[in-house]
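Biologist: Before I rely on any label attached to this chain, I would like each term set against its cut-off. Shall we take them one at a time?

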Amino acid sequence: MADAQPLQAQDKLAFLLALVPYLIDRERVSVSEAARHFGVPESRIRRAVELIAVSGVPGETMQYQHGDLFDIAWDDFDQNDMIVLTNLVAIDDAPRLSAREASALIAGLQYLSALPEAADKDAIRALMAKLSRGAGGASGNVAVGQDLHDAALTVIREAMSGRRGLRFEYAGPRTQGSTRRVDPLRVESIDADWYLRAWDLDRAAVRTFRLDRMSGVHVDDRPAERTLDDVVLPDTLFQQSAQDVIVTVELDGSSLPLVADFLADTADAPDDGGRVRIRLAASAGFDGVVRLVAGLPGRAVVLDPPAARQAVHDFAAAALDIH
């Protein structure tokens, strides 16, 4: 590549500000590779590297001492045309994420990468690698597990990217399955549970489905009638319908954040013992209420209606019979 016109001072500074983090991130890179990346002649890369090597931050004496300048592996640069920064100035002194902070961000990125709408997974993986390298200490070996849902997520992602419908069998904890035809809109999670939010064709409304209750998930042979551009999703995962039954549950106040997405209205003020009463919108089978109480053993009590209390009783009795 022929050498381009000389850069103005402002452009040269912008180029150097982009080149330094690039070299730090790559750790070892050839002159030709760097030139291709920035779309500049190799000679410009060499001049920039030579300029970086005489740049730095003066010490307390305001004079440049050993360690106050960037440095490179000169033999590797001269003989192999490879760029390796051996001393970093000021950048090493910048505040770093702690190992715990990096681990938390990595866990969040792993969760994000599992969502069907997260298209640029290579960028997410690269950012996770940067966080691991840049933490002030070894980041935890974090993994967000969704192995049980990987197959379903793959099919959902395929349907969403191709703007196709989905078909699957869906069963509650105590009910037989039925075939559901939906247009997938979004995948979300609450704690370890994953949910598909979709437009249900048979019910002509948005519905929420737990992935671990879905089986035989496959892409339908019809185009999706609705996408996120056509449907406004509510802020909460679950919405009340005209057929729902209001169930009153009492639980300790510390458990309230765990059920916030299920509330039919605001929770009552806690009593002297820290207990609160909430109201949930439930289907006639009370499957969701049963599972909620089972997930909060000893902390949640169904007060009303009697049919919901009986459903919880029957579930507990069946569980005791099994064991």
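Biologist: What confidence does the chain reach on average, and what share of the residues scores at least 70?

Modeller: The chain averages a pLDDT of 76, and 68% of the residues score at least 70, pLDDT being the predictor's confidence in each residue, from 0 to 100. Over residues 139-145 the pLDDT is below 50, although this stretch has 14 contacts in the model beyond near neighbours in sequence, where contact means heavy atoms within 4.5 Å. This is a predicted model, in which local features need pLDDT of at least 70 and side-chain atom pairs count only at pLDDT 80 or more, while totals for chains, interfaces and linings use all residues. Residues are numbered from 1 along each chain as its sequence is written, and side-chain values use heavy atoms, with hydrogens and water left out.

Biologist: What makes helix 2 roughly perpendicular to helix 3?

Modeller: The axes of helix 2 (residues 31-38) and helix 3 (residues 42-52) come within 8 Å and cross at roughly 110°. Angles of 65 to 115 degrees count as roughly perpendicular, under 35 as roughly parallel, over 145 as roughly antiparallel and the rest as oblique, so helix 2 is roughly perpendicular to helix 3. Axes here are lines fitted to C-alpha atoms, for helices over the stretch in contact, with angles running from 0 to 180 degrees between N-to-C directions. Helix 2 contributes Val 31, Ser 32, Ala 34, Ala 35 and Phe 38 to the contact, and helix 3 contributes Glu 42, Ile 45 and Arg 46.

Biologist: Why is Arg 210 called buried?

Modeller: Arg 210 has 7% relative accessibility, and buried means under 20% relative accessible area (exposed is over 50%, partly exposed in between, with a 1.4 Å probe and protein chains only), so Arg 210 counts as buried. Arg 210 lies in strand 8 (residues 205-210), strands being DSSP runs of E of at least two residues and helices runs of H or I of at least four, numbered from the N terminus. Not counting residues up to four places away in sequence, Arg 210 touches Tyr 170, Asp 193, Trp 194, Tyr 195 and Arg 291.

Biologist: How do you know that Gln 243 is exposed?

Modeller: The relative accessible area of Gln 243 is 62%, which passes the cut-off for exposed, and therefore the label applies. Gln 243 sits in the loop between strand 9 (214-223) and strand 10 (245-252), and its C-alpha atom is separated by 7.0 Å from that of Ser 283, 40 residues apart along the chain.
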